[in-house]
Amino acid sequence: MNDSERMFSKGAVAIAMLLMVTAPVVGDAKQTTKSLAVATVVQPYVKIAATQPAQLVITNKDVNLGYVDIPDAANPSGTQLSVQTNDRAGYTLLFQVSAANQQIFSSIQVMGLGATVVLPASGGKINMTYGGWSTSFKVTYRLMLAKKVKDGTYAWPFAMSAQPN
C-alpha cells in the first residue's frame, strides 16, 4: 500500500467513525406524521342555449284581444331553452327587451319555467332553482299589448342570458 492509499484508507476510517458517532441510534428515532390538506374550488357557471322564433306576428285579432299568446296560429313556437349549470344555488335568467320593442307591450307573462312570471315591458330577471346539471324547458308567453300597438310583423322581442346565483 502506498502513501496515498494509506491516507485514503485512514480518511475513510475517520469518516466512518465520525458518521457512527453522529448518526442517530435506531432506537431513538421518532416517527412524525404530517397532514396536507388539499382543496379545490370550482367556479359556478351556467350556460344556456335558446331556440327562438325570428319574428313575432301580431294579428288584428290579437290587437282587439289586447294580448298575443305564443305559441298560436300566427306564432307556432315559443322558446326551447336548454340550461347547463353546476350551481346548486340556482341561477338567474335575464330577459332583455330592446327599447324599440318595449313600446309594443305593457307586460310579459312567461310560462313553462315552473310558475308563471309576469315581467314589465322592459324585461327582467327570473330566479331559478337548481334542477340538475342539464335541464330543458319549453317556454311560452302571453304578451300584454300596449294600447296603441298595430298589427304586423316585428323582430323577435327577447334576448335571453343567464348568470349563476
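This note goes through the nonpolar core, the strand at its centre of interest, and the aromatic rings of a predicted model.

1. On the basis of the note: the model is predicted, so local features need pLDDT of at least 70 and side-chain atom pairs count only at pLDDT 80 or more, while totals for chains, interfaces and linings use all residues. Residues are numbered from 1 along each chain as its sequence is written, and side-chain values use heavy atoms, with hydrogens and water left out.

2. On the core: the largest nonpolar core (buried Ala, Val, Leu, Ile, Met, Phe, Trp, Tyr and Cys residues joined through side-chain atoms within 4.5 Å) has 29 residues, of which Phe-95, Val-110, Leu-113, Tyr-141 and Leu-143 touch the most other members. Several strands (DSSP runs of E, at least two residues, numbered from the N terminus) each supply at least two residues of this core, including strand 4 (79-85), strand 6 (105-111) and strand 9 (134-145). The largest share, five residues, comes from strand 9.

3. On the two faces of strand 9: in a regular strand the side chains alternate between the two faces of the sheet. Strand 9 has a covered face with Thr-135, Phe-137, Val-139, Tyr-141, Leu-143 and Leu-145, and an uncovered face with Ser-134, Ser-136, Lys-138, Thr-140, Arg-142 and Met-144.

4. On the partners of strand 9: pairing here requires that DSSP finds at least two bridges between two strands. Strand 3 pairs with strand 9 in the antiparallel sense over four bridges, and Tyr-67 has Met-144 as its bridge partner there. Strand 6 is also antiparallel to strand 9, joined by six bridges, and in this case Ile-108 is matched with Leu-143.

5. On the aromatic pairs: which aromatic pair links strand 9 with strand 11? Tyr-141 lies in strand 9 and Phe-158 in strand 11, so this pair ties together parts that are 17 residues apart in sequence. Rings of Phe, Tyr and Trp (its six-membered ring) pair if their centres lie within 6.5 Å, and planes under 30 degrees apart count as stacked, over 60 as edge-to-face and the rest as tilted; the ring centres of Tyr-141 and Phe-158 are 4.8 Å apart with planes at 35°, so the pair is tilted. Trp-156 and Phe-158 form an edge-to-face pair, 5.5 Å centre to centre with 85° between the planes.

6. On burial: buried means under 20% relative accessible area, exposed over 50% and partly exposed in between (1.4 Å probe, protein chains only). Trp-156 is therefore buried at 10%, and Phe-158 is buried at 6%.
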